[in-house]
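Grab a coffee and work through these exercises with the model open beside you. Try each task before you read its solution.

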Amino acid sequence: MARGSSKHPSDSSLTDPMPARVDPCLATLVDKPPKGQDWALEVKWDGYRLAVHVEPGRIRIITRGGYDWTERFPLIAADARRLAVKTAILDGEAVVLDDKGRSDFGMLQRALGRRPSAHEAGAIVLYAFDLLYLDGRDLRRDPLRERRRLLEPLVAGREGAIRLSEEVEADGDEFFRVACAHGLEGIIAKHLEKPYRSGRGDWWQKITCRRRDSFVIVGYEPSTMPGAIGRLLLAARKGEGLVYVGGCGTGWSHQESLKLRELLDGIKDKPAVALRRKGAVFTRPALVAEVEYRAWTDDGKLRHASFKGIRERADEAQIFDLDAGR
């Protein structure tokens, strides 16, 4: 809705073309929450970033990398059909919540069928936090404050597969402290007066309780237990190539370790990095590990790394880039 206009976004005279896809706005990692009344605070969800397109006669669910995953989220798609809109694009995060109400990336992957699970796809919830298009009106030029004003009546108070990611009215430092104390991944701060801009910028900021990034899996070291993995070998991007940055040997159950090894044994290949390690099994650099870690060592290796999940490299994973700095 243009400022100063009395027209509702559903006015038929407003006919902004509906984009087939919108590159998402990405948050920049900062050390501390920003100060001031112009910033809104939210929980940082740990899942898959999705755009839900409500179009005439169909629903499309698009990943951050531009892939159509509608069939993987049937209940979200079904719930989107029940929204009181003709056309819309919702920006949000698909998650599975643990018994304490925290989003858990590993549980989400298991619900999607990538790893064995007792969880069903119905456990997946989309927390919507932005509205980019509504009933013939492109909202990306409007400030976040206005986009949220239009989003909230559509999804607030719902208990289905699409819910509102609530804004939290609190001091940023205190909210961050409480989030970390409750085992959350972190918080997000968004400038209320900024339009929606694709790509990474400082109008959205993330503050994480621990560092978390994506690294290419280039191999593994076998476990002493038959058929299991002892340690994943990881690499980061540097220029046009990959550089070994250490590994991680925790974060999975025994059953998940067996499944990981079966997966990696199917893509064995020559080393993709300059690394010689006795007993190591090297793989094609086709998969990406989500890894949580505390810091970097002086010689450029991950410190206290823990495995959190796996992604396909072709999908949406932003591989850690050493040239961008640690």
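**Exercise 1: How far to trust the coordinates**

Residues 1–12 have pLDDT under 50 throughout, and the model gives them 20 contacts beyond four places in sequence. Your task: find what the pLDDT is over residues 114–119, then set both stretches against the mean pLDDT of the protein.

*Solution.* Start with the second stretch: residues 114–119 have pLDDT below 50, with 21 contacts in the model beyond near neighbours in sequence. Now zoom out. This is a predicted model, with a mean pLDDT of 88 and 91% of residues at 70 or more. Where pLDDT is low, the predicted coordinates should not be read in detail.

**Exercise 2: Into the core**

Your task: work out which residues of the largest nonpolar core touch the most other members, and which helices and strands each supply at least two residues of this core.

*Solution.* Step one: the core holds 35 residues, and Phe73, Ile76, Leu90, Ile124 and Leu131 touch the most other members. Step two: the elements that each give at least two residues are strands S3 (48–55), S4 (58–63), S5 (88–95), S6 (125–134) and S8 (162–164), plus helices H1 (74–81), H2 (105–111) and H3 (144–155). Step three: pick Leu90 and look around. Setting aside residues up to four places away in sequence, Leu90 touches Leu50, Ala51, Val52, Leu83, Ala128, Asp130, Leu131, Leu151, Val155 and Ile162. Last step: another core lies apart from this one, with 25 residues, including Tyr220, Tyr293, Leu302 and Ile310.

**Exercise 3: Ile188**

Your task: decide whether Ile188 is buried or exposed, then list what it is in contact with.

*Solution.* Find Ile188 in strand S9 (residues 186–191). Its relative accessibility is 11%, so Ile188 counts as buried, the cut-off being under 20%. Leaving out neighbours within four places in sequence, Ile188 is in contact with Ala27, Ala40, Leu41, Glu42, Val43, Lys44, Gln205 and Lys206. To place it relative to Leu131, go C-alpha to C-alpha: the two are 17 Å apart in space and 57 residues apart in sequence.

**Exercise 4: A pocket and its lining**

Your task: describe the second largest pocket by its volume, and say how its lining splits by class.

*Solution.* The volume comes to about 390 Å³. Of the 22 lining residues, Asp46, Ser103, Asp104, Arg212 and Lys308 are the closest to the centre. Sort the lining by class and you get 13 charged, 5 nonpolar and 4 polar residues. Finally, ask where they come from: H2 and strand S18 (306–312) each supply at least two, and H2 has the largest share, 3 residues.

Technical notes: Residues are numbered from 1 along each chain as its sequence is written. This is a predicted model: local features need pLDDT of at least 70, side-chain atom pairs count only at pLDDT 80 or more; totals for chains, interfaces and linings use all residues. Side-chain values use heavy atoms; hydrogens and water are left out. A nonpolar core is a set of buried Ala, Val, Leu, Ile, Met, Phe, Trp, Tyr and Cys residues joined through side-chain atoms within 4.5 Å. Buried means under 20% relative accessible area, exposed over 50%, partly exposed in between (1.4 Å probe, protein chains only). Helices (H or I, at least four residues) and strands (E, at least two) are DSSP runs, numbered from the N terminus. Contact means heavy atoms within 4.5 Å. On a 1 Å grid over the protein atoms alone, a cavity is a set of points where a 1.4 Å probe fits but cannot get out, and a pocket is an open set with protein on both sides within 12 Å along at least five of seven lines; lining residues have an atom within 4 Å of a point. Grid points are joined across faces, edges and corners, and a volume is the space filled by probe spheres set on the points. Ala, Val, Leu, Ile, Met, Phe, Trp, Tyr, Cys and Pro count as nonpolar, Asp, Glu, Lys and Arg as charged, and the others, Gly among them, as polar. pLDDT is the predictor's confidence in each residue, from 0 to 100.
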